[in-house]
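Please open the model in a viewer and keep the sequence panel visible. The tour below proceeds by selection, with a short account of what each selection shows.

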Amino acid sequence: MTLEIIISLLSEIISVSEKDLRGKTKLIPEYNIESIDIAKLMIEIEKRFEVTIHDEDVHTFQTLDDVAEYVDELLAE
């Protein structure tokens, strides 16, 4: 569920079909995902899930799965 919401958010930010994004999608320019897009995604995730994502943790995310796991951990706290 978390992953699907994150994919939906990113899809809107970078104007790519949700069908083209998966958990294994890397947060790199492959899909024209720039650092500003990642920042926008983090802001949208914080609003949607009412969590705080620490800046130092953002740099550890390699894929959308990583982001979803991180959010799930925050929600479990």
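Begin by selecting Lys47, which counts as exposed at 57% relative accessibility. The coordinates belong to a predicted model. Add Glu44 to the selection: the side chains of Lys47 and Glu44 meet in a salt bridge, with 3.5 Å from N to O. Glu44 has a relative accessibility of 29% and therefore counts as partly exposed. Both residues belong to helix H2, and because they are three residues apart there, about one helical turn separates them. An α-helix has 3.6 residues a turn, so residues three or four places apart point the same way.

**The second salt bridge**

The structure holds two salt bridges. For the other, select Asp65 and Lys24, whose closest N and O atoms are 3.5 Å apart. Asp65 is part of helix H4, whereas Lys24 sits in the loop between H1 and H2, so this pair ties together parts that are 41 residues apart in sequence. Lys24 is exposed, its relative accessible area being 66%. Side chains of opposite charge can pair when their charged atoms come close.

**Helix H4**

Extend the selection from Asp65 to the whole of helix H4, residues 64-76. How far apart are the end C-alpha atoms of this helix? They are 18 Å apart, which agrees with the 18 Å that 13 residues should span at 1.5 Å a residue.

Next, colour the buried residues of H4: Leu64, Val67, Ala68, Tyr70, Val71 and Leu74. Because they cover an arc of only 160 degrees around the axis, they lie on the same side of H4. Rotate the view to the face turned away from that buried side, where the exposed residues Glu73 and Ala76 are found. Then display what covers the buried residues of H4, which includes helix H1 (2-14), helix H2 (35-49) and helix H3 (55-58).

**The start of H4 and the loop that meets it**

Select Thr63, located in the loop between H3 and H4. Is this residue buried or exposed? At 11% relative accessibility, Thr63 counts as buried. At the start of H4, a side-chain oxygen of Thr63 comes to within 3.3 Å of the backbone nitrogen of Asp65. Show the surroundings of Thr63 as well: leaving out residues up to four places away in sequence, Thr63 touches Gly23, Lys24, Thr25, Lys26 and Leu27. Among these contacts is Lys24, the salt-bridge partner of Asp65.

Move to Thr25, another of the residues touched by Thr63. Thr25 has its place in the loop between H1 and H2, and it is buried, with a relative accessible area of 5%. Which backbone nitrogen does its side chain reach? The side chain of Thr25 reaches that of Arg22, at 2.7 Å. Apart from neighbours within four places in sequence, Thr25 is in contact with Asp20, Tyr31, Ile33, Gln62, Thr63 and Leu64.

The loop between H1 and H2 also holds Glu34. With a relative accessible area of 40%, Glu34 is partly exposed. For a distance across the model, pick the C-alpha atoms of Glu34 and Leu64: these residues are 30 apart along the chain, and the separation is 14 Å.

**Helix H1**

Select H1 next. Its 13 residues should span 18 Å at 1.5 Å a residue, and the end C-alpha atoms, 18 Å apart, agree with this. Buried within H1 are Thr2, Ile5, Ile6, Ile7, Leu9, Leu10, Ser11 and Ile14. H2 and H4 are included in what covers them. After H1 comes Ser15, with a positive phi near 55 degrees.

**The nonpolar core**

Finish with the largest nonpolar core, which has 25 residues. Which of them touch the most other members? They are Ile6, Met42, Ile45 and Ile53. H1, H2 and H4 each supply at least two residues of this core. Ile6 has already appeared among the buried residues of H1. Centre the view on Met42 to end the tour: not counting residues up to four places away in sequence, Met42 touches Ile53, Val58, Phe61 and Val67. Of these, Val67 is one of the buried residues of H4.

Notes:
Residues numbered from 1 in each chain as written. Predicted model: local features only at pLDDT ≥ 70, side-chain atom pairs only at ≥ 80, totals over all residues. Heavy atoms only, no water. Helix = DSSP H or I, 4+ residues; strand = E, 2+ residues; numbered from the N terminus. Expected span 1.5 Å × (residues − 1). Buried < 20%, exposed > 50% of the residue type's maximum accessible area, 1.4 Å probe, protein only. Arc of directions from axis to C-beta. Contact = heavy atoms within 4.5 Å. Polar contact = N/O pair within 3.5 Å; in protein donor to acceptor, adjacent residues only side chain to side chain. Salt bridge = Lys/Arg side-chain N within 4 Å of Asp/Glu carboxyl O. Core = buried A, V, L, I, M, F, W, Y, C linked by side-chain atoms within 4.5 Å.
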